[in-house]
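Please read this report alongside the sequence and the coordinates. It takes up the surroundings of the ligand and then two helix packings.

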Amino acid sequence: MSQPPPAARALLARLRGLVEAEQRDTLAALDWIENRPAETAGDEAATIAALRAENAALRAKLSGLYQHAEYETWFEQAFGIKFPTPNTWPFTTFQQGTPWCDKVVYGMQDGEFLYAQHLIAELDAQGVAGDIVEFGTYGGTWMEVLAQAVEKGGGGRTLWGFDSFEGLPEPDAAKDGNIWHKGQYAATLEEVSTRLRATERPFLKLVKGWFCDTLPVEPAAAVEKIAYARIDGDLYSSCVDCLAYLTDRLVDGAILVFDDWQFTINHGETLAFREWAAANPQFRFEFLGMNMWAHLYLRVHRRP
Ligand SMILES: C[S@@+](CC[C@H](N)C(=O)[O-])C[C@H]1O[C@@H](n2cnc3c(N)ncnc32)[C@H](O)[C@@H]1O
């Protein structure tokens, strides 16, 4: 499971700095005009009066736009950090790696697990047929969550987990950035099978190999319908392979989840999705939500 991309956080912080600098400069200019000596006369006095009126309106507009400025200045002075950012929802200020931070983060993760299971229960209730698939299982954390959902629904769906069980392939720096490296997230098929009690769960199938090799052939090729797909292969090329496989299999009403949504149209899963969606106008996508780990949830509709 990936954390929000550090590059996105750094970019947002930079943008915020630029906006603040712009606002500081604008307010300083307004101050300068307003504090001009009043001993001018005639036309100049009239011009200055008009400018002052304009300034007052502009200042009111600015403070309406940036209503947190006073609070944030105070917060920064009091605690020595710029936080929270307006219009965002920070989940914790507890330092990463501390038990308190873990409690908050894992509490939110539990919430997402329940959400995913709720979506599958909804598919069951609506009679949406199809298998469940995760591309990129690593140690099996999400596979366990999905397996429990299948069991709660009576075990009628097959749950597929595809992975190299050797970790990530070589990332492409131009399309993936420098977040990942080859071999990252390696877990063996044996350890994941044991952890997931695969031999006791006949509905659960783990398939070892690179997506480009395993998805076009049996047993994957024999799957006809998919009702829930979770793409967690991190990389652009991995996501391209998964989406190509899903094109003819995603049923109307299916859930499509991206675990590593990027906040740029030119990278990773976002780029792969953008290209795939453009090439497949038969789909309409309903945005269900996104969480702090950039896990994006969509409902897929097939146009009639
Ligand atoms: C971030 S991990 C998945 C985490 C997992 N979903 C969980 O619940 O913890 C990414 C996984 O994708 C797999 N992967 C990425 N690209 C792949 C590809 N092209 N073929 C096969 N496996 C791939 C890696 O081996 C790795 O286990």
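## Shell around the ligand

In this predicted model, the residues of the shell around the ligand fall into 9 nonpolar, 8 polar and 5 charged. The shell comprises 22 residues, of which Gly136, Tyr138, Trp142, Gly233 and Ser238 come nearest to the ligand.

Two helices, H5 (141-152) and H9 (236-246), each contribute at least two residues to this shell. Each of these helices also packs against another helix, H5 against H4 and H9 against H10, and the two packings are described in turn below.

## Packing of H4 and H5

Helix H4, which spans residues 99-126, packs with H5 at an angle of about 35°, the axes lying 9 Å apart, and the crossing of this pair is right-handed. On the H4 side the contact is formed by Phe113, Ala116, Gln117, Ile120 and Ala121, while H5 brings Val145, Gln148, Ala149 and Lys152. Sorted by class, the contact between H4 and H5 consists of 6 nonpolar, 2 polar and 1 charged residues.

## Packing of H9 and H10

For H9 and helix H10 (residues 268-279), the axes come within 8 Å and cross at roughly 35°, and the crossing of H9 and H10 is likewise right-handed. Tyr236, Cys239, Val240 and Leu243 make the contact from H9, and they meet Gly268, Glu269, Leu271, Ala272, Phe273 and Trp276 of H10. The contact of H9 with H10 has 8 nonpolar residues, together with 1 polar and 1 charged.

Technical notes: Residues are numbered from 1 along each chain as its sequence is written. This is a predicted model: local features need pLDDT of at least 70, side-chain atom pairs count only at pLDDT 80 or more; totals for chains, interfaces and linings use all residues. A residue is near a molecule or strand if its C-beta atom, placed from the backbone, lies within 6 Å of it. Helices (H or I, at least four residues) and strands (E, at least two) are DSSP runs, numbered from the N terminus. Ala, Val, Leu, Ile, Met, Phe, Trp, Tyr, Cys and Pro count as nonpolar, Asp, Glu, Lys and Arg as charged, and the others, Gly among them, as polar. Axes are lines fitted to C-alpha atoms, for helices over the stretch in contact, and angles run from 0 to 180 degrees between N-to-C directions. A crossing is left-handed if the near helix is turned anticlockwise from the far one by less than a right angle, and right-handed if clockwise. Two residues are in contact if their C-beta atoms, placed from the backbone, lie within 7 Å.
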